[in-house]
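Here is a short tour of the model in front of you, written for someone who likes to know what sits next to what. Please keep the structure open and follow along.

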Amino acid sequence: MADVPPDEIRVPATDDTPPYGIPAVVASSHGEPSSDVGTEPLLELVGVSRRYGSGAAEVTALDDVSLAIMPGDFVSIMGPSGSGKSTMLGLLGCLDVPTEGTIRVGGHVVTAMDDAERSRVRGREIGFVFQQFHLIPHLDALGNVETALLYRGLSAKERRTRALESLERVGLGHRHDHRPVQLSGGEQQRVALARALVTEPKIVLGDEPTGALDSKNAELVMGLFTSLQSHERAIVLVTHDPNVGEMAERHVRMRDGRIVTDTRTS
Ligand SMILES: Nc1ncnc2c1ncn2[C@@H]1O[C@H](COP(=O)(O)OP(=O)(O)OP(=O)(O)O)[C@@H](O)[C@H]1O
Ligand SMILES: [Mg+2]
């Protein structure tokens, strides 16, 4: 999947209802709802394929992949260019829908949802960071972070307070009134991370989040990712950088649209 513009990752204004209380359709492999967040996957792909185009031009970007991401997981996804990493991450992040198969997020079958409902689950459960930051150029850092809180029934003051707290968490409270062009690449990525975290998501996904940064800034951003680790949260990063890959505890390798290995180091 190609990069997704910021408009695509915002929660759409579908109605005035805050994105809470979406019923769990399936919460366990036995079909019984379960509140045991420690043992149920936060994210699950079951027999998922994604094909682009048709006829002779058809490309199978993801080929019958199953993967369960558990609370506490810190996963790296590595593999050659074109092996389907971004396609898989986009599906995990509800930015795209599969050609075949089932995707569950926190027990909700997102593949059974319409676009608006899926967007709400995404806005509530998932924070996404991209290689090219995807900040909105005419908004300052604070405004960019606030976009993740739109349509949640919060007052403007509450949005501002939370966005500022999130910027402070990535060490950029003092840059809140700077627009992206006034920030370094590393700072822009930290703003993007603040935007991803302001909703307190259980799932944080990054598609080569250090790919456009020099080694010093890459280290800083990775330090922030590792500081996010908790028993309740899952972090999944696509990367080409073996140093980044090594910081993860679970290592998924892809080739030709398939997962070829899935190992843990601790
Ligand atoms: N929107 C699209 N339309 C057609 N083909 C696509 C599209 N997005 C991806 N593909 C194809 O699907 C395959 C997997 O692409 P994907 O972007 O997932 O690879 P990747 O592993 O992320 O590669 P890279 O490391 O270069 O980012 C590639 O063959 C790619 O050309
Ligand atoms: Mg990619």
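Two strands are said to pair if DSSP finds at least two bridges between them. With that in hand, we can look at the strands of this predicted model.

**Strand 7 and its partners**

Let's start with strand 7 and strand 6, which pair in the parallel sense over 5 bridges. One residue pair to look for is Gly 127 with its bridge partner in strand 7, Val 204. Strand 7 is also joined by 5 bridges to strand 8 (residues 234-238), and these two run parallel. Here Gly 206 stands opposite Leu 237 in strand 8. Between these two strands the chain passes through helix 7, and this β-α-β crossover is right-handed.

How many of the residues of strand 7 are buried? The count is 5 of 5, so the strand is mostly covered, given that a residue is buried if 20 or more other C-beta atoms lie within 10 Å of its own. In a regular strand the side chains alternate between the two faces of the sheet. In strand 7 both faces are covered: Ile 203, Leu 205 and Asp 207 are buried on one side, and Val 204 and Gly 206 on the other.

Helix 3 (residues 115-125) belongs to this neighbourhood too, since strand 4 (100-105), strand 6 and strand 7 are among the elements that cover its buried residues. Those buried residues are Ser 119, Arg 120, Arg 122, Gly 123, Arg 124 and Glu 125.

**Two loop residues with positive phi**

Most residues other than glycine have a negative phi. The table shows two residues with a positive value.

| Residue | Phi | Loop | Other C-beta atoms within 10 Å |
|---|---|---|---|
| Phe 133 | about 65° | between strand 6 (126-130) and helix 4 (141-146) | 22 |
| Glu 208 | near 50° | between strand 7 (203-207) and helix 7 (215-227) | 21 |

Are these two loop residues buried or exposed? Phe 133 is buried, because 22 other C-beta atoms lie within 10 Å and the cut-off is 20 or more. Glu 208 is buried as well, because its 21 also meets that cut-off.

**The nonpolar core**

In soluble globular proteins, nonpolar side chains tend to be buried together. In this model the largest nonpolar core has 62 residues, and those with the most contacts inside it are Ile 77, Val 145, Ala 194 and Val 236. Helix 6 (residues 185-197) supplies the largest share of this core, 6 residues.

Ile 77 is a good residue to click on. Leaving aside its neighbours within four places in sequence, Ile 77 is in contact with Lys 85, Met 88, Leu 89, Val 236, Leu 237, Val 238, Val 252 and Met 254.

**Around ligand 1**

Which residues are closest to ligand 1? They are Tyr 52, Ala 61, Ser 81, Ser 86 and Thr 87, out of 14 that surround the ligand. Strand 2 (59-69) and helix 2 (85-92) are the elements that give two or more residues to this shell. Helix 2 gives the most, with 3 residues. By type, the shell divides into 5 nonpolar, 8 polar and 1 charged.

**The whole chain**

Stepping back, the protein chain has 8 helices and 10 strands. Of its 266 residues, 43% count as buried. Among contacts between residues at least 6 apart in sequence, 70% join residues at least 24 apart.

Terms used: Residues numbered from 1 in each chain as written. Chains lettered and ligands numbered in written order. Predicted model: local features only at pLDDT ≥ 70, side-chain atom pairs only at ≥ 80, totals over all residues. Helix = DSSP H or I, 4+ residues; strand = E, 2+ residues; numbered from the N terminus. Buried ≥ 20, exposed ≤ 12 C-beta atoms within 10 Å, placed from the backbone. Contact = placed C-beta atoms within 7 Å. Near = placed C-beta within 6 Å. Nonpolar A, V, L, I, M, F, W, Y, C, P; charged D, E, K, R; others polar. Right-handed = clockwise from strand over helix to strand, strands pointing away. Core = buried A, V, L, I, M, F, W, Y, C linked by C-beta atoms within 7 Å.
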